[in-house]
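Let's take a walk through the aromatic side chains of this one. Have the structure open and follow along.

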Amino acid sequence: MTKEKIFQAALRLFARKGFEATSIRDIALEAEVTSSTLYHYMKTKEDLLVAIMQEGLQTLLGNAKEVLAELEAPEQQLAAFVQLHVTSHAINKLTALVVDTEFRALTGNTRVEIARLRSEYELLWQRILTGGLEGGVFAIENTKLAVLALLQMCTGVAHWYSPDGPNSLEEISLNFSDMALALVQAKRNGQQLTVSDLDLPEPARFFTKPWLGAAAHEHS
């Protein structure tokens, strides 16, 4: 479908070259369409960037809310959030890179809307850590800094993960979950908790909707 080809072309170029360095002509050539055809599906180059970011963030938010709806214990929620975030960013590598690095290119109301979606997602993490702290399960002094540290750690997977690497995605997500539990000092009955102590569903359970063209995102 022409629209999908255009969005995938823009996604690859924004991830590879950056938004500012990508021209309308670049996108048309990558999508193998004429510039006039391109303008049939968008008004500006920023329209494509906003659509990619909205799709990625809204899908991530929806999947994260599925986690919160199914799991009650904060340690379960945190471990599942880490697995969801890591797996999402590895499978949807190009979208994750664009969402995480090209916010600076947005202007006006679109910048406000994307900032709102990002903040809503971060607040879900904040809610988990606050719940764990209030329940005596986590021991952290600054939940906001802890959220930033966790997101930075998990988001970084999009920059280096390869399906041909020495560790499987499942191994990485489980290890990262253990590191997250250690960071917040998650304990029950005085014992440090690890993922193996938790009754968690498979991460795939929460992928209720794939990101834009997910199958095409692993390679640029």
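Start with Y121, which is buried at a relative accessible area of 5%. Keep in mind that this is a predicted model. Y121 shares helix 7 with W125, and the two are four residues apart, about one turn of the helix. W125 is buried too, with a relative accessible area of 1%.

How are the rings of Y121 and W125 arranged? Their centres are 6.3 Å apart, which falls inside the 6.5 Å limit for a pair. The planes of Y121 and W125 meet at 80 degrees, and anything over 60 counts as edge-to-face, so that's what we call this pair.

Now swing over to F81, buried with a relative accessible area of 0%. Across the whole model, the count comes to five aromatic pairs. One of them joins F81 to W125: the ring centres are 5.4 Å apart and the planes sit at 80 degrees, so here again the label is edge-to-face. Which parts of the chain does this pair tie together? F81 belongs to helix 5 (residues 74–91) and W125 to helix 7 (residues 108–134), so the contact links parts that are 44 residues apart in sequence. Put the pieces together and you get one aromatic cluster made of F81, Y121 and W125.

Rings also meet charges in this model, so to speak. Look at F19: the charged end of K45 sits over its ring, 4.3 Å from the centre. Then find F103, where R118 lies over the face at 4.5 Å from the ring centre.

Technical notes:
Residues numbered from 1 in each chain as written. Predicted model: local features only at pLDDT ≥ 70, side-chain atom pairs only at ≥ 80, totals over all residues. Heavy atoms only, no water. Phe/Tyr/Trp six-rings, centres within 6.5 Å; stacked < 30°, edge-to-face > 60°. Buried < 20%, exposed > 50% of the residue type's maximum accessible area, 1.4 Å probe, protein only. Lys NZ or Arg CZ within 6 Å of the ring centre and 35° of its normal.
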